[in-house]
Amino acid sequence: MSTPQLVVHRDKELMAEAAAARLITKIVDAQAARGSASVVLTGGRNGNGLLAALRAAPARDAVDWSRLDLWWGDERYLPEGDPERNVTQAREALLDSVPVDPARVHAMPASDGPYGSDVEAAAAAYAAELAAAAGHGTHRSAAGAAGGRVPSFDVLMLGVGPDTHVASLFPELPAVRETERTVVGVHGAPKPPPTRVSLTLPAIRAAQEVWLLAAGADKAKAAAVALSGAGEVQAPAAGAYGRSRTLWLLDAAAASELPRDLYPPSSA
Ligand SMILES: O=C(O)[C@H](O)[C@@H](O)[C@H](O)[C@H](O)COP(=O)(O)O
C-alpha cells in the first residue's frame, strides 16, 4: 500500500490541465519503456474535465494513441450510446478526437448488449476480459483477488463523490466489501442510475498508480474523511490506493477541510 500524496491546485480548471499534463507524461514514459500503456478512466465531471483538457493540450500528440489500452473503473448500466454512459461521455470529451485503436478501448457492457438486464453477467464478462489482458501482451500481470486477475494498470483514475464513493463503490453497499471478484454488478446506487458495473477495491489496488480527483467545496468533507484514517466500507475512497503510488489531485476548495498536517507544504 502506498501512502497518499496530495497535490492541491488553485481551481478545477488548473487541476484538470495539470492532471492531463501528468497523464500525458505517464503514458509517454510507459510506452517508451514497454511499448504500450494502460489507463483506467473514471466517469464524472472531474474525469471528463481531465479528458477535455487532454484533448486541448498540444502535447497530446506525443502519445501513441494506437498503443494505449483504455479501461473503465465503472459504468452506468444503460443502453449503448446513452448520453449518461461514462464511455459516451469519454468519447465526446476525448476519444472521438484522437486515433485510439477501437480494439483497445475496453468499454464495459451496455444494458442492451448480449447480457441484457443481467448486470452480474455483464460484470463477469468484463472480469474475463481483464483476466485475458492480464495473461498476455506487454502487460505485467498482477494477481488480482482470488477470483480473478487484472492487468497491472499504469494509471487508474477515480473521481471522488461527496459521500466518499469511488467508481461505483458506495459506502456500506455490498460492492465495497467484495474481496474475491474483480468486477461486480451494483444495485441500488444512491447516485443515478441505480444499476451499475464497477471494479472492486482489490482490482483497483492492482494498479501501479491510483489518482483520485476531487474538486469543489462539496468534496471537502469527503477528502478530509477519506484521508483521516476512515475505514473503506464507510469511506470507499480510503481503500483506493496504488501499488507504487496513490495521488490525490485536489483543487483548493476540495482541500479546504483537510487536517493541517496533511496539507502539502507548498500550499500552506
Ligand atoms: O459513474 C460515475 O458517476 C462515476 O464514475 C463516479 O464514481 C464519479 O467519478 C464520482 O461520482 C465523482 O463525480 P464528479 O467528478 O462528477 O463529482
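Which residue in β9 does G185 stand opposite? In this predicted model, the residue facing G185 is V197, which belongs to β9. To see where this pair sits, it helps to look at the strands and then at the sheet that holds them.

Strand β9, made of residues 196–199, pairs with β8 in the antiparallel sense, and four bridges join the two strands. Both strands are part of an open sheet of three strands, whose order is β4-β9-β8 and whose pairing is antiparallel. Within this sheet, β4 (74–76) and β8 (183–186) stand at the edges, and because each of them has a single partner strand, one side of each is left without a neighbour in the sheet. From one strand to the next, the twist averages 15 degrees.

A helix accompanies two of these strands: α4, which covers residues 119–134, lies across β8 and β9, and the direction in which α4 runs makes an angle of about 160 degrees with β8.

The ligand brings β4 back into the picture, since a shell of residues can be followed around the ligand and traced to particular elements. This shell holds 16 residues, of which the closest are G43, G44, R45, N46 and G159. Both α2 (45–56) and the edge strand β4 supply at least two residues each to the shell around the ligand, and it is α2 that gives the most, with three residues. Sorted by class, the residues around the ligand comprise nine that are polar, four that are charged and three that are nonpolar.

Terms used. Residues numbered from 1 in each chain as written. Predicted model: local features only at pLDDT ≥ 70, side-chain atom pairs only at ≥ 80, totals over all residues. Pairing = 2+ DSSP bridges. Axes fitted to C-alpha atoms, helices over the stretch in contact; angles between N-to-C directions. Contact = placed C-beta atoms within 7 Å. Near = placed C-beta within 6 Å. Nonpolar A, V, L, I, M, F, W, Y, C, P; charged D, E, K, R; others polar.
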